[in-house]
Structures are given as structure tokens and as C-alpha cells.
Amino acid sequence: MSNEEATTKRALSRRLFLHGTGVAMALPWLESAAVWGAPLTGKPTPSTPPKRFVVQFMGTGISPNNWWAKGEGAQMELSSCLAPLEPLKTKLNVISGLYNKPSTGVGIHPGMTGGILSGAPLTRGAVLHGGISMDQVLAQKLGQDTVQPSLVLSCEKPLTGYHESNFSMAYSSYISWQDADSPVPSEVYPSLAFDSLFDNNGNQRLESVLDRVGSEAASLRRKISREDRGKLDEYLNSVREVEKRAQKLRAEMFKAAENAKSKGKPLVAMKRPDDGLPEDLREHMRLMCDIVALAIQTDKTRIASMLMCRDLSGLFYPFLNVNDGHHIASHSDNSEGYQRIVHHYVTQLAYLAGKLDAMPEGDGTTVLDNTGILWLSNMFSGSQHDNSHLPILTVGGMGGTLKTGRVLNYRDKGEENRRVCSLYLSLMDRMGVQLDHFGDASTRLANF
């Protein structure tokens, strides 16, 4: 074991966990117990909350006529699609005009998506080759400080085969890439994502994680302040609620696996919901957001990405009274139906951000104040397949390093000054990772 590995192991061993058979539960910030590397002393031990970074991605663009913001701060006016973010306006940035140059002029869909977080040109044909995504740069640089370097989730299974543009469909299916040649495998089943959150394994995996850590939780309650006991109880109750929903979906996944086996098919070849994924997308997406929120709150990981729907998405929205699947609906991107779809995805961002903002942390701040959430799509207009500029939002203050409550427009700043990779360099700076260049950019985004 190297000295660096030994130091990391000692730091993690000092983290405050609740343990049970086959399970380890990290804890959120508590005033009377520093949970980020300091031993429990029974006295207040101030510690600086870590910074975190989360990406949410929606494929095939937004509703152009219904995507705008005006003004700043609490007086910011939001379009109908951005309306779910109304309570978070002072912690929001609406960014327009940025583009990913290597993905322009190469053909629609996969070529517009596979490098969305890397700014790297993609290779056509059988060999995947692009670039490491910025979330995974952060995971490689900062992941040694947490149990899990990053959490990569998806609410839709990946595509296989090739697009008519001769790009692999893998480029349409993944936004997180661990290197130039390999996407990070994404977890699509909520029950398995829940298991990874609590290292839930072994023959007791189907039993409640809370029941297994109950004795240690009771012991901890006796050592912390009254206020922290309330925070601990609230946290454990939220875990219980997520666990119940995850266990229900676990049963559906097991049933689907048996059905697939009886038909002689792999589970991945089954269509939704026969593959065990929730038929109601609202439950799937909310549960994935809840899992990310718990992971960020407890410092299980500081880096997460969520592919809410992939490029060329086949998801359907009966609860929105939309008959077409996502991809076809995007070809009428200013229709009322697609406007409702976009509103739905912005609602998921607002839900996650709102949960983080309701979690107190440190001296008068919230988890959201110490987090940056990046929301984006690979196109501005699906009807035009236009990615000459991208819809981008950020929510959260990144530890007070990011000014918020702004509408930023770079459309007339010139091509060299509106590269999305300049935004990525600026975001990575705020996470404490400084690079000379990334993707096709070597300068930071002006006025960000």
C-alpha cells in the first residue's frame, strides 16, 4: 500500500459511520460530531463542508419558445419551462449561447452527445474514442477523499448498434466517460443504486439497512446534542422512506429477471416495464434524485451524474397526456406536449436542488450552498437538431465561490469566448481542480 493510499484509508476510517452486518451508513453533517475526518469528541468541532458537483442531462433539446429568463436575483422572471425553479431563483444561473464546437457539423444525435462533458471530437465506426468527461476528471482528482469516487445513474437503458451517421449509439447513451475509450457504467435500477449507497451486500441484502444499524444509531443518539438528535432522526426517516420505495422496485426487478429467464432472454433485452424498471417515470426519477441527495448529504461521494433521458430517448409520458415518445415529440419542440415534457425535467432539477437546500450544513448554510448542479441538454432545438448553442442551468453556490441569481448570455461574444469547456474549467476551478486546458478550451468563461 502506498503512503497516499494509507493516508486515505486512515482518513476514511475516521469518518463517522453506522455499521451493521453487510452494511455501512455514512452520516450527514452534525454540529456536535464532525463527520468529515475528525473523531467524535462530544464537543462541537467545526469543519468546513466539502464542495460537491452534480450533473443532470436531458436529451434532444428543450422547447425554444418557452425557455428564457430575465432580470436577476429574487426579481428574475422565468419562462413557463423554467417555472419550477421559482423558489430557487437566487441560487440559479441561466446560461445561454455556449456551444461544444467539436460536436457541431458532425451529424445529428450521437455525435452531438458523446462529448457533451468532454469537448472532445468523437471517432466514427466500431472503435469508441472521445475524451474523459469533466465529472470524471473531478472524480479522479477528488475521489480519494470519499468512499465512492462518483455516482453515475441513468433513468433509461443504453442503446446498442450504430446511427445512420456511423457513430456508435453508445455516444447517445452515456455522458460520463472514464477515459477516451470507455463510458462509466451507469446504474439504472434504483434498488442497486440504493445498495451502493450503503455498501449493502451479502445474504442480508434484502433486510432493512436501518434495522441492521439500529444499535449503533441508538448509541450515537446518546452522545450528540439534542438538536443533532433531531437531525439524525430526520435523516434516518428519509432513509427509511427511500428504502421502502427501493425495496418495492427490487421485488419488481427480481420478478422481471425470472420472467426474462423463463423466456430465454437477457433482462437487458426486455422492454420497459418488463425489464423491472418502473413504468411510472416520475417514481423512477424522484427515487434516483433522492439517492443522489443522500449520497451528497452524507459525503458518500462528491461527484454525481444523472442521465435523466438519453439522446434518441424512447421514454413515454402518459401522465403528461403526450402520446409520442420523447424523441418523436422533440421534433415538435414548441408544441404544448413537448413544453410539458421539458417542464417535467426542470421539475426534477428543482426537486433535487430543493432537497439539498432543505439540508442544513455548517454555519447557516445548506448542502445546496456547497454544491454546484449543472443541468444541460445536447441541443437547443430538437426540431432543427440545432446544437449551435446549448441550454444550460446551474443551481447552487459551490461553497460561496459561485455568484448566482444571474442570466448570462454569451451568444454575441464570439466563438472563442463561448466554448462550453471554458465553463467546465471555471466549474472545476471552484472544486479545487485547476487545469491549463480542457477539451477545446484553455481560458475560463468570462464573467462567470
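User: To start with C81: is C81 buried or exposed?

Analyst: This is a predicted model, and in it C81 counts as buried because its relative accessibility is 0%.

User: How many disulfides turn up in the whole structure?

Analyst: A search of the whole structure finds 0 disulfides.

User: Why does C81 have no bond to its closest cysteine?

Analyst: The closest cysteine sulfur to that of C81 belongs to C309, and it lies 14 Å away, which is too far for a bond. A disulfide would need the two sulfur atoms within 2.5 Å.

User: And C421, buried or exposed?

Analyst: C421 counts as buried, since its relative accessibility is 0%.

User: Let us step back. How many helices and strands are there in the chain?

Analyst: The chain has 12 helices and 15 strands. Its radius of gyration is 22 Å, close to the 22 Å that the globule rule gives for 448 residues, so the chain is as compact as a globular protein of that length. Along its principal axes, the C-alpha trace spans about 60 × 60 × 45 Å.

User: What percentage of the chain is buried?

Analyst: Buried residues account for 57% of the 448 residues. As for contacts between residues at least 6 apart in sequence, 71% of them join residues at least 24 apart.

User: Which domains is the chain divided into?

Analyst: The division gives domain 1 (15-47 + 192-262 + 272-276) and domain 2 (53-188 + 302-447). Their centres, taken over C-alpha atoms, are separated by 29 Å. Domain 1 supplies 10 residues to the contact and domain 2 supplies 12 residues.

User: Now the interior. Which residues touch the most other members of the largest nonpolar core?

Analyst: They are M25, W67, L85, I291 and Y345, in a core of 78 residues. Helix 9 (residues 281-297) gives the most to this core, contributing 11 residues. At least three residues of the core come from each of domain 1 and domain 2.

User: What is Y345 in contact with, sequence neighbours aside?

Analyst: Leaving aside neighbours within four places in sequence, Y345 contacts Q56, M58, M285, M308, C309, L315, Y317, H326 and W375. C309 also came up above, as the residue holding the cysteine sulfur closest to that of C81.

User: What about a second core; which residues does it include?

Analyst: The second core is separate and has 35 residues, including L98, V420, M428 and M431.

User: Changing topic: which residues does UniProt list as a coiled-coil region?

Analyst: The UniProt record, an unreviewed entry, lists residues 203-259 under that name. In the model, the chain over residues 203-259 is 81% helix and 0% strand. The C-alpha atoms at the two ends of that stretch are 23 Å apart.

User: Any backbone oddities? Which residues does a cis peptide bond join?

Analyst: A cis peptide bond joins R272 and P273, with omega at about 5°. P273 sits in the loop between helix 8 (226-262) and helix 9. For context, most peptide bonds are trans, and most residues other than glycine have a negative phi.

User: On phi, then, what value does N166 have?

Analyst: N166 has a positive phi of about 70°, although it is not a glycine. N166 lies in the loop between strand 7 (151-154) and helix 4 (170-173). With 40% relative accessibility, N166 counts as partly exposed.

User: And where is D199 found?

Analyst: D199 is in the loop between helix 5 (190-197) and helix 6 (209-212). Its phi is near 50°, a positive value in a residue other than glycine. D199 is partly exposed, at a relative accessible area of 32%.

User: Two glycines to finish. Is G111 buried or exposed?

Analyst: G111 counts as buried, because its relative accessibility is 3% and the cut-off for buried is under 20%. G111 belongs to helix 2 (residues 110-113). Leaving aside neighbours within four places in sequence, G111 is in contact with S103, V106, L122 and F167.

User: And G432, buried or exposed?

Analyst: G432 counts as exposed, at 59% relative accessibility. G432 is in the segment after helix 12 (420-430). G432 and L390 are 42 residues apart in sequence, and their C-alpha atoms are 26 Å apart in space.

Notes
Residues numbered from 1 in each chain as written. Predicted model: local features only at pLDDT ≥ 70, side-chain atom pairs only at ≥ 80, totals over all residues. Heavy atoms only, no water. UniProt positions renumbered as here; feature names shortened; annotations may be inferred. Helix = DSSP H or I, 4+ residues; strand = E, 2+ residues; numbered from the N terminus. Core = buried A, V, L, I, M, F, W, Y, C linked by side-chain atoms within 4.5 Å. Buried < 20%, exposed > 50% of the residue type's maximum accessible area, 1.4 Å probe, protein only. Domains from an automatic or database assignment. Contact = heavy atoms within 4.5 Å. Rg over C-alpha atoms; globule rule 2.2 N^0.38 Å.
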